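Visitor: I've got a model open and I'd like to learn how to read it. Could you walk me through it, feature by feature?

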Amino acid sequence: MKTFKLILIGICIFSFTNINAQHLSQKQIARKNNKVALFTTQEFSNLHIWFYNQVLDLKLSNEVEDQYAGIISKYTYRMSRLDDKDSDYSYDEILKEIPSLINEINKHTKPLFTDKQYNDHLKIMTSFEQTVLNKLALKNSQDIKD
């Protein structure tokens, strides 16, 4: 349940980011302007709901769930910034970096889980990684056409 609350809070915070734009530093404004949204709002919401349901199935304690959420947030944020307009990554480098970040998630979460939970987590991350890579490929093919 805590994860759902965190997701809901995160969506609310991101929804109101534009309202507070005038209070951002020049560097923060530039960073925000360089952000590229890989997923539409609807796709992003669906991905969050899917992920939330998968995490519920892991049956984590509140403490482990908090640690897990922190790890996931840290590395998915890094993933979300790989294709920013001001990024130095090429498409091929992004494709290599995504699995690397997934491996970091796996490495940091393994000590938190039982063997069954970890195996279920790996299945979740495999699906998540494939979703991201598919969306990147689609976006890249559309960028090439334009």
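Guide: Happy to. Let's start with one helix: in H3, the buried residues are Leu47, Phe51, Tyr52, Val55 and Leu58. Keep in mind that this is a predicted model.

Visitor: Why do the buried residues of H3 line one face of the helix?

Guide: The general idea comes first. An α-helix has 3.6 residues a turn, so residues three or four places apart point the same way. Now the case here: looking down the axis of H3, you find its buried residues within an arc of 135°, so they line one face. On the other side of H3, Gln42 and Asp57 are exposed.

Visitor: How many residues does H3 have, and how far does it reach?

Guide: H3 covers residues 41-58, which is 18 residues, and reaches 26 Å from its first C-alpha to its last. That is close to the 26 Å expected at 1.5 Å a residue. You can do the check on H4 too: its 19 residues should span 27 Å, and its end C-alpha atoms are 26 Å apart, which agrees.

Visitor: And what is buried in H4?

Guide: Val64, Glu65, Tyr68, Ala69, Ile71, Ile72, Tyr75 and Met79 are buried there.

Visitor: What sits between H3 and H4?

Guide: A loop, and Lys59 is in it. For the backbone angle, here's the background: most residues other than glycine have a negative phi, and most peptide bonds are trans. Lys59, just after H3, has a positive phi of about 55°. Lys59 is also exposed, with a relative accessible area of 68%.

Visitor: Let me zoom out. How many helices and strands are in the chain?

Guide: There are 6 helices and 0 strands. Read from the N terminus, the elements go α-α-α-α-α-α. Of the 146 residues in the chain, 31% are buried. The accessible surface comes to about 9700 Å², and carbon and sulfur atoms account for 57% of that.

Visitor: Where should I look for the largest nonpolar core, and which residues have the most contacts inside it?

Guide: The idea is to look for buried nonpolar side chains joined to one another. Here the largest such core has 26 residues, and Tyr68, Ile98, Ile105 and Met125 have the most contacts inside it. The elements giving two or more residues to this core are H3, H4, H5 and H6. H6 gives the most, with 7 residues.

Visitor: Can we pick one of those residues? What is Ile98 in contact with?

Guide: Setting aside neighbours within four places in sequence, Ile98 is in contact with Met79, Leu82, Glu129, Val132, Leu133 and Leu136.

Visitor: What about Ile124: is it buried or exposed?

Guide: Ile124, which lies in H6, has a relative accessibility of 3% and counts as buried. Leaving out neighbours within four places, its contacts are Trp50, Phe51, Gln54, Val55 and Leu58. Ile124 and Trp50 are 74 residues apart in sequence, and their C-alpha atoms are 9.6 Å apart in space.

Visitor: How much of the contact pattern comes from residues far along the sequence, 24 or more positions apart?

Guide: Counting contacts with a separation of 6 or more, residues 24 or more positions apart account for 73%.

Visitor: Last topic. How many salt bridges does the structure hold?

Guide: It holds 3. Look for a Lys or Arg side-chain nitrogen within 4 Å of an Asp or Glu carboxyl oxygen. Lys135 pairs with Glu43, their closest N and O atoms being 3.0 Å apart. Lys135 lies in H6 and Glu43 in H3, so this pair ties together parts that are 92 residues apart in sequence. Lys135 counts as buried at 16% relative accessibility, while Glu43 is partly exposed at 29%.

Visitor: And which residues form the other salt bridges?

Guide: Glu104 pairs with Lys107, with the closest N and O atoms 3.5 Å apart. Both lie in H5, 3 residues apart, about one turn of the helix. Asp120 pairs with Lys116, at 2.9 Å between the closest N and O atoms. Asp120 and Lys116 are 4 residues apart in H6, again about one helical turn. Lys116 is exposed, with a relative accessible area of 58%, and Glu104 is partly exposed at 25%.

Notes
Residues numbered from 1 in each chain as written. Predicted model: local features only at pLDDT ≥ 70, side-chain atom pairs only at ≥ 80, totals over all residues. Heavy atoms only, no water. Expected span 1.5 Å × (residues − 1). Buried < 20%, exposed > 50% of the residue type's maximum accessible area, 1.4 Å probe, protein only. Arc of directions from axis to C-beta. Core = buried A, V, L, I, M, F, W, Y, C linked by side-chain atoms within 4.5 Å. Contact = heavy atoms within 4.5 Å. Areas by Shrake-Rupley, 256 points an atom, 1.4 Å probe, with all protein chains shown as cover.
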